Structure formats: C-alpha cells, structure tokens
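Visitor: Please give me a close look at one sheet, strand by strand, and then place it beside the other parts of the chain that can be described in the same terms.

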Amino acid sequence: MARERLYLFDTTLRDGAQTNGVDFTLADKLAIAGMLDELGVDYVEAGYPGANPIDTSFFSERRPMRARVTAFGMTRRPGRSVSNDPGLVALLDAQADAICFVAKSWDYHVRIALETTEEENLASIRDSVRAAKAKGREVLLDCEHFFDGYKANPSYALACAKTAYDEGARWVVLCDTNGGTLPHEVEDIVGEVCKVIPGDRVGIHAHNDTEQAVANSFAAIRAGARQIQGTLNGLGERCGNANLVSIIPTLKLKAEYADKFEINVSDGALGRIVRISHGLDELLNRAPDRHAPYVGESAFATKAGIHASAIVKEPKTYEHIAPERVGNRRKLLVSDQAGRSNVLAELERIGLSLDKDDPRVTRLLDEVKEREAIGYAYEAADASFELLARRMLGQVPHYFDVEKFDVNVEQRNNAKGERVTVSQAVVKIKVGNEELISVAEGIGPVNALDLALRKDLGKYQSFITGLTLTDYRVRILNGGTQAVTRVLIESTDESGEHWRTIGVSANIIDASFQALMDSIVYKLMKSGAPA
Ligand SMILES: [Zn+2]
C-alpha cells in the first residue's frame, strides 16, 4: 500500500528563538538551517523579517536549501490596506519560498487584543493570503489559540481556518498556543476540522505546557492532519514546542506510523539525529539532556546486573528500538550495584574481549568497587573507566609526567584601581627527556590549570589541539569540612565524540587535575599518539 506523505515544519529559528536564554546570531541561524536541511525537514521557518536586524538580514538574500525557507509574520493590520502595512510589505518582500501568517482565531482575542470585529479579522486573513499568493509564495496560516478558540466559539475558529483554505493557503495550521490542550481534545477537534478542510491541508503546532506536545502532535495526525510543526530538542517559549527529535524516530521506527506515512528524513539522516541534536546543544553551549528519549546518553543505558546479562544475550529484552538506528549506543553502566556481566559488556563495547573467568576481570571489578566506595562513579565517566581497564591490561602508553604544578589565586587592585581576583597556574611537565614549563592565567584556578596543562605538551601538542571541555561539574559527596569532592568533566574534539572523565579528592583542585589528566590521556590514546 502506498504510504501517505507527512510533512515536517521546523520552527527552531522562529519559535525556538523565543526560548529563555537563547539568542541566535545570524551565523547560528545559518548553521542550524544547515543541520535542519541535512536532517530532511520540509520547511525551515527562519524568522520574522522586519522584526529584528538578524531576521531581516537572513531574508535579505536567497538561502539555497532543499527545505522550503519560510518567513513568518502577521496578517495585515485591521483597518489598513495590504500596501499600507509596512510589516506585511516587508514580509512579502522577504527572500523566502513560503510565508507563514499568524492570525487570531479566538473571537475573544479578536475583540480584546486586536480591538476589531470578527469580520475585519476574516478580511485581513483573506487579503493577506491573497497578496502572498500573488507574490508567488506558498502560504501557511497559523491559527493562533485555535483550540481554546474552538472550545469558546467553534464556528468562528473554523471560519478563520476555512477563509485561508478557500483563498488557496497550502496549509492551515492549528496552534495550541497556550499549550494546555490535552491529546484527546486535540484528536476530537482536529477530527472536526478535517470534515471541513482536507487533512492533507491541515497542520498541528503544539506547545509543551502539559508535557504532551509530542503526544498532541500524534493525536492530530491520527485525526487526519498531515503537517507537524516542531523544533529541535523541543526548544521554544515557556516549556517549549513539540520536539522533532522525538517525533522523527517515532514516525520512522514505530509501525503504527512507519507503515502509513512517508517523511523526507532518510534512514541515513535518522542515524545522525543524535549528532544533530547534540550539535545544537553545543552551539547553544548547553549540556545535552542525558535522559532525552532516543538521543540521550541514558536512553539505552541499563544499570542493574540482571538486566545487563539479559541485554548481552538478547538486546530486545530491554530495548524498544535498536539504538544504532538513531545513532545512539547501548550503555551498560558499571556501578557497585552491578556485577561481572556489566563490566564484561562494557569491556566488549570498548573492544576488549576477556573471558568471563579471566582473573583480570575480577581484579578490575574489585578495583571499580573499591574506587566507587570512595566516591568515583564510573557510570558517569566512560573514558575514565576505559583508561582504568586499559591501564590494568598495560595498554595505555606512558606519554608524559606532570612533575609538579602550582596554582594560586590572588586578589588585588588592577591598573585601573579595581578589585580583581586572578588565578595563575604553573605546570612542569616531562615528555621523554624534554622538560616543559607552562604558565597560564584563567578565570578561576581550575581554568588556569587546564590552560597551563594543555599549553605545551611538546611532541604531543598537535594531538590535543581539537580538545575542548564542554562541561565541568562539581559535587560535594558528604557534608562537613571532611567532604570529598567529585569532579566530572565532559570533553569533545574535532571528531564530535564526547567523553567523560572523573576525579575524586578532598581537594577540588586535585580532583579537577585527575579528571583533566584522564581527558588528555584519553584524547592522546584515541588519536593514536605514539608512546
Ligand atoms: Zn508557537
């Protein structure tokens, strides 16, 4: 049976840009548009031309893409003509394939917020769609507050949608603007709309205020809608928009949808979705959500020993999909709760196959347990675990020694007479017979130490140039002055691989030093640096 085409509309660059703490530069927008195009979404809504300089300059020239570049803006203002509305004129002039208008569809908002009549609002929709069509653009209408509006006055909400459809809009998009509608309501209301407007002209735009934006999107599809609007990683105002990173794998991998619908995302692109999702986090300088469905670090992680032994025998027992399909991987956590099978499976993952009765496995397990008792947590530090295992097998080359380091923190007046706190680190390293001394200033003692450590590794320097720290977390393990500090560091490099290392000590600088050293040694090892 031929599958029906379902369209994906991404609004990361418009609605996602409303996220608290997110500010896209033009370069960010272009980079994200590239990721979206690689993924295979059908529409990239890139912003609101005329509303701010960045969006205006995005639309000042053609941005060649597979996806249809879409400009967003309001329908003509009440009481004005199309040509007399500067906002609408800017929108019509934008270099875009499609225009997505937003219009009120709740009679209450029309009267109170727009201060106009219901008839004038319909005329504004009609005129705007007509003007954009005349410009040769594909047209979408976002019906703002559609679901609340429908509950209050179904015939008026429908009239707004129908007006755009009758005027030739390609899509009429039903927006749950406040995000409070529940899936069964979405399914009922979209079902009613699809009796009047064909489903292949209807879209859904769901917000996540009851954490059901994804569920609401699927409810709309079940009721007949054929376009889903959403954002990467669920970015968006307040609690966010429907998360396309969760929606896409479900559409491609769950028979309920995969058998009925076709989307423009290839299997290959699906296999890169983890990288795309984490790439966006990186651009936003955020740590990826470990527990994100499909793409999170923990999405296929298992801790308990009995589960781990079952997973090794038959992965399907505890996994709803094969993690490789989305570019993720199975992870068996090594922890003091777990047993030999976890350690064995983790060793296998890093390419070390040892017999389960090998005495070295017992030694490694004992070592892990001993260290976890004093605060190490290897389930959160895959690279440190790998180093621990490989060191025990004599597989980690001896690259360099840190003969000594010295970190100081000084508070003083600077040349302008301002009170400043500065940190400086001096590190003395021995690489073979070469002694190297590096000095660096940092925004704090750990930053200074990190910069000094990585400043000059002699013949190994070229292997670590791509190394960057992406996350640094400190946790105090037991209260009081005798507390132990656990430091977890996440690093990445030019290949995009992420790894985590750990250090534990009563002294925060010492704990950080251990984690930094593990990260550098891991990088040297994975880059194949010669001993
Ligand atoms: Zn929205």
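Guide: Two strands are said to pair if DSSP finds at least two bridges between them, and the strands (E, at least two residues) and helices (H or I, at least four residues) are themselves DSSP runs, numbered from the N terminus. The model is a predicted one, in which local features need pLDDT of at least 70 and side-chain atom pairs count only at pLDDT 80 or more, whereas totals for chains, interfaces and linings use all residues. Residues are numbered from 1 along each chain as its sequence is written, and side-chain values use heavy atoms, with hydrogens and water left out.

The part to look at closely is an open sheet of three strands in the order β13-β14-β15, with antiparallel pairing. Its edges are β13 and β15 (434–442), each of which pairs on one side only, and the twist from one strand to the next averages 15° (angles run from 0 to 180 degrees between N-to-C directions, and axes are lines fitted to C-alpha atoms, for helices over the stretch in contact). Between β14 and β15, which run antiparallel, there are nine bridges, and Val 427 has Ser 438 in β15 as its bridge partner. Against this sheet packs helix α18 (residues 445–455), which touches β13, β14 and β15 (contact means heavy atoms within 4.5 Å) and whose direction makes about 145° with that of β15.

On the other pairing of the sheet, twelve bridges join strand β13 (residues 401–413) to strand β14 (residues 419–431) in the antiparallel sense, and Glu 410 is partnered there with Val 422 of β14. These two strands make a hairpin with five residues between them, and in its turn Gly 417 has a positive phi of about 80°. When following side chains along any of these strands, it helps to recall that in a regular strand they alternate between the two faces of the sheet.

A second open sheet also has three strands, in the order β16-β17-β18, again with antiparallel pairing. Here the edge strands are β16 (468–476) and β18 (498–505), each pairing on one side only, and the twist averages 15° from one strand to the next. Eight bridges connect β16 with strand β17 (residues 485–492), the two running antiparallel, and Arg 473 has Leu 488 in β17 as its bridge partner.

Helix packing comes next. Helix α17 (residues 382–392) and helix α19 (residues 508–526) pack with their axes 10 Å apart, at an angle of about 70°. That angle makes α17 roughly perpendicular to α19, since angles of 65 to 115 degrees count as roughly perpendicular, under 35 as roughly parallel, over 145 as roughly antiparallel and the rest as oblique. Their crossing is left-handed, a term used if the near helix is turned anticlockwise from the far one by less than a right angle, with right-handed used if it is turned clockwise. On the α17 side the contact is made by Ala 383, Ser 384, Glu 386, Leu 387, Arg 390 and Arg 391, and on the α19 side by Asp 518, Val 521, Tyr 522 and Met 525. By class these divide into five nonpolar, one polar and four charged residues (Ala, Val, Leu, Ile, Met, Phe, Trp, Tyr, Cys and Pro count as nonpolar, Asp, Glu, Lys and Arg as charged, and the others, Gly among them, as polar).

Helix α5 (residues 118–134) and helix α7 (residues 154–166) pack at about 20° with axes 8 Å apart, which makes α5 roughly parallel to α7. The α5–α7 crossing is right-handed, and the contact includes Leu 122 and Ile 125 of α5 and Tyr 156 and Cys 160 of α7; it has seven nonpolar, two polar and two charged residues.

Finally, a zinc ion is coordinated at 2.0 to 2.2 Å by Asp 15 (OD), His 205 (NE2) and His 207 (NE2); donors are N, O and S atoms within 2.8 Å of the metal (3.2 Å for Na, K and Ca), and sites may look incomplete because water is not among the atoms. The donor residues are spaced D-x189-H-x1-H in sequence, and distant parts of the chain are linked by Asp 15, in the loop between β2 (7–10) and α1 (26–39), and His 207, in the loop between β8 (202–206) and α9, which lie 192 residues apart.
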